[in-house]
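Here is a walk through a predicted model, written for someone meeting it for the first time. Have a look at the picture, and then we'll go through it piece by piece.

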Amino acid sequence: MTDALQVKGLRKSYGKKEVLKGIDLCVRKGDVFALLGVNGAGKTTTLECIEGLRKYDSGNISVNGSVGIQLQSASLPAYIKGMEAVRLFAKWNKVSADTSMLAALGIEHLANKKYREMSTGQKRRLHLALALISNPDILFLDEPTAGLDVEGRIALHEYIRTLKNTGKTILLASHDMAEVENLCDSIAILKDGLIAFTGTVAELTEKVGTHYNVHIKTNREAKDFEVDNIGPGLIVILQDYQKRNIVIQDIQVDRGSLEQHFVKIAREDNR
Amino acid sequence: MNGFLYSAVLQWKLDLRSRTMLITCYAVPLIFFAIMGGIFTSIMPETTDTLIASMTVFAVSMGALIGLPPSLAEIYRSDIKNAYQANGVPLLLGLMLTNISAFVHLLIMSAILYVIAPIAFDAKIPENPGAHFCGVIILIAVSLGISSIIGLAVKNTANTSMFSILIFIPSTMLSGIMFPADLLPKAFEFVGKLFPATWGYVLMAENSLAGHHLWPLFVIFFASVLLCVILLKRIETR
C-alpha cells in the first residue's frame with residue numbers, strides 16, 4: 001500500500017528548547033492514524049509542521065494527496081452564518097459549495113445560524129465540514145470530539161468510519177484513548193520529542209506485555225488487581241482469598257486498555 | 001463571483017451585522033453632525049462654508065480609527081487567522097478585506113454628509129465636487145492605514161479601543177475642525193500636523209488638491225503600508 005504521509009528526521013526548536021528531535025513517521029493510505037503523547041510531548045508542533053502551519057528546522061515531510069485540516073484552535077468571524085462559511089471556504093478552495101456533508105454531520109440546521117450562536121459541538125462539526133469541502137485525500141483532525149456530547153461523539157465516530165470507507169486517510173490527535181482504540185488502524189506515541197512507539201494497537205499490547213485487569217467482589221469488599229500473566233496471576237489472588245476464608249462472589253477479567261499501555265510507554269524511560 | 005469578490009462582499013455584510021461599523025461609521029457621525037452642525041452654524045454662521053469638510057473629517061476619523069481596529073483584532077488576535085492559514089489563504093487577505101469594507105462604508109457616509117449638510121444646515125456645496133471626493137478618498141485611505149497599524153500592532157484585543165481613542169481624540173481636536181488650527185499653541189499645532197485629519201481637512205476646506213497638502217498624506221500612507229507589512233510578517237512567523 002502507498003504511503004499517504006512520510007516524515008523523516010523532523011526537527012524543531014523554540015529558541016534553545018528542542019521540541020522535536022528527529023521524528024520519523026509513516027502513514028499508510030486509507031488508514032486512520034492517531035498521534036498520541038502527553039502534554040508537551042510535541043504532538044501539536046508535529047501536526048502543525050505537517051499541516052504547513054509552522055516552519056521546521058530540518059527534516060523532510062512528504063504528503064501524498066490533497067489535505068483538509070480541522071484545527072482544535074480555529075475560529076470564524078462571530079457573525080458569519082454556517083452556509084456563508086461553507087461558501088467562503090469553497091471559494092477559497094476553488095470548489096463548488098457541496099452541502100451534503102452538512103446533512104451527513106447533522107448540522108444542516110446551522111446554515112442560517114451565526115457562528116457566535118453555535119454551541120462548541122456545533123462549531124466543531126462545522127469546522128469538520130469545512131475541512132471536508134475540498135474533498136481532501138488526507139484529513140487532519142485535532143481533538144475532533146473535544147466538546148461534543150455523547151450523541152455527537154457517536155455520530156462523529158460513525159462519520160469518520162464512513163470517511164475511512166471512502167478511502168480517505170485520517171490523521172488525528174486525541175486525548176481520548178477509547179476513541180483512538182475504537183477508530184484507529186495505527187498509532188504513534190510521541191515522547192520527549194521522539195517517537196517512542198509506532199504500530200497498531202495490537203502491536204503496542206504485544207510490546208508492553210499482555211496486561212489484564214481483574215475485578216473481584218467478595219462478601220467483604222470489591223477490589224481491582226492488575227496482572228501481566230492471567231493464569232498464574234489469578235491463581236495467586238484466589239489462593240490468597242482462600243487462605244483468609246473470604247468468599248468470592250464475582251470475578252471480572254478484561255484486557256488492559258490502550259490508556260494503560262500508553263501510560264506504560266510514556267513512563268518506560270523515566271524510571 | 002470569484003473568491004476575492006465574495007470574501008469582500010461577505011466582510012462588508014459581517015461588518016454591518018457586528019454593529020461596530022454601523023455605530024462608528026454611521027450612527028455616531030450622524031449624531032455628531034446633527035448636534036454640532038446645529039451648534040456651529042448658529043454660533044458661527046461662516047462655518048457653513050466648511051461644514052461638509054469638517055463633518056467628513058470627523059466621520060472618517062471616527063469610522064476608521066474606532067471602527068476598523070476591532071475587526072482586525074478579531075482576525076489577527078484570535079484563532080480566525082488559523083482558519084486562514086489552514087486553507088492556504090494569505091494573511092494579507094484579512095487586512096485587505098476589512099480595509100475595503102471600511103473604505104466603502106466611509107465613502108457612503110461621506111456621500112450622505114455631502115447630500116444632507118446643505119439641506120439640513122444650508123452648508124456650502126464644494127465648488128469642485130471632484131476635488132472634494134478625491135480629498136475624501138485620500139483621507140479615508142490614509143486614516144485606514146493608521147487604523148490598520150493599531151489593529152495589527154496591539155497584542156491585546158481589549159487594548160485596541162484604548163489605543164484607537166488615544167489617536168482619535170488629538171486627531172480630531174487638533175485638526176482644525178473644531179476651531180482654527182492656527183489659533184492653537186505651536187506645540188499642539190505641530191502635533192496636529194502628524195495626523196492625517198489635519199491635512200485632509202485643509203485639502204477639503206480649500207477644495208483643491210494642492211501638492212503641498214498632499215505630500216504629508218502620502219508620506220503617512222506609505223509609512224503605514226510599510227509598517228503593516230512588517231507587522232503582518234511578524235504575525236505570520238509567530
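## Where the two chains meet

Put chain A and chain B together and about 1,900 Å² gets buried between them, with 62% of it on carbon and sulfur atoms. On the chain A side, A:Y79, A:K91 and A:W92 lose the most area to chain B, and together they make up 33% of what that side buries. In terms of residues, the contact takes 22 from chain A and 23 from chain B. Remember that all of this comes from a predicted model.

How many salt bridges does the rule find across the interface of chain A and chain B? Just one. That bridge pairs A:E84 with B:R17, and the closest N and O atoms are 2.6 Å apart. There are also five residue pairs in polar contact across the interface, with both residues at pLDDT 80 or more. Which element gives the most to the side of chain A that touches chain B? That's α2(A), with six residues. Sorted by class, this side of chain A has 12 nonpolar, three polar and seven charged residues.

## A helix with a lot of cover

Now over to helix α1 of chain B, which runs over residues 3-18. It has 16 residues, and at 1.5 Å a residue these should span 22 Å; the end C-alpha atoms are 22 Å apart, so the expected span and the model agree.

The buried residues of α1(B) are B:G3, B:Y6, B:S7, B:A8, B:L10, B:Q11, B:L14, B:D15, B:R17 and B:S18. B:R17, in that list, is also the chain B partner of A:E84 in the salt bridge described above. What covers the buried residues of α1(B)? The cover includes α2 (82-92) of chain A, along with α2 (20-43), α3 (51-76) and α5 (92-121) of chain B.

Both ends of this helix have a detail to look for. At the start of α1(B), a side-chain oxygen of B:N2 comes within 3.1 Å of the backbone nitrogen of B:F4. Just after α1(B), B:R19 takes a positive phi of about 75°.

## A threonine in a loop

Next stop is B:T47, which sits in the loop between α2 and α3 of chain B. Is B:T47 buried or exposed? Its relative accessible area is 14%, so B:T47 counts as buried. The side chain of B:T47 reaches two backbone oxygens: that of B:F40 at 3.2 Å and that of B:M44 at 2.6 Å. If you leave aside its neighbours within four places in sequence, B:T47 is in contact with B:F40 and B:T41.

## An isoleucine in helix α6

B:I138 belongs to helix α6 (residues 129-153) of chain B. With 17% relative accessibility, B:I138 counts as buried, because buried means under 20%. Which residues is B:I138 in contact with, leaving aside its neighbours within four places in sequence? They are B:L209, B:L214 and B:L217. B:I66 is another residue to place against B:I138: the two are 72 residues apart along the chain, and their C-alpha atoms are separated by 18 Å.

## Salt bridges within the chains

A search of the whole structure finds 11 salt bridges over all chains. Here are some that join residues of one chain.

| Pair | Closest N to O | Relative accessibility |
|---|---|---|
| A:E18 and A:R11 | 2.6 Å | A:E18 32%, A:R11 34% |
| A:E158 and A:R161 | 3.4 Å | A:E158 46%, A:R161 29% |
| B:K193 and B:E189 | 3.9 Å | B:K193 39%, B:E189 15% |

A:E18 counts as partly exposed, and A:R11 is partly exposed too. A:E158 and A:R161 are also partly exposed. Those two both lie in helix α5 (residues 150-165) of chain A, three residues apart, which is about one turn of the helix. An α-helix has 3.6 residues a turn, so residues three or four places apart point the same way.

In the chain B pair, B:K193 is partly exposed, whereas B:E189 is buried. Through salt bridges that share partners, B:K186, B:E189 and B:K193 are joined into one network.

Notes
Residues numbered from 1 in each chain as written. Chains lettered and ligands numbered in written order. Predicted model: local features only at pLDDT ≥ 70, side-chain atom pairs only at ≥ 80, totals over all residues. Heavy atoms only, no water. Helix = DSSP H or I, 4+ residues; strand = E, 2+ residues; numbered from the N terminus. Expected span 1.5 Å × (residues − 1). Buried < 20%, exposed > 50% of the residue type's maximum accessible area, 1.4 Å probe, protein only. Contact = heavy atoms within 4.5 Å. Polar contact = N/O pair within 3.5 Å; in protein donor to acceptor, adjacent residues only side chain to side chain. Buried area = accessible area lost by both parts, 1.4 Å probe. Salt bridge = Lys/Arg side-chain N within 4 Å of Asp/Glu carboxyl O. Nonpolar A, V, L, I, M, F, W, Y, C, P; charged D, E, K, R; others polar.
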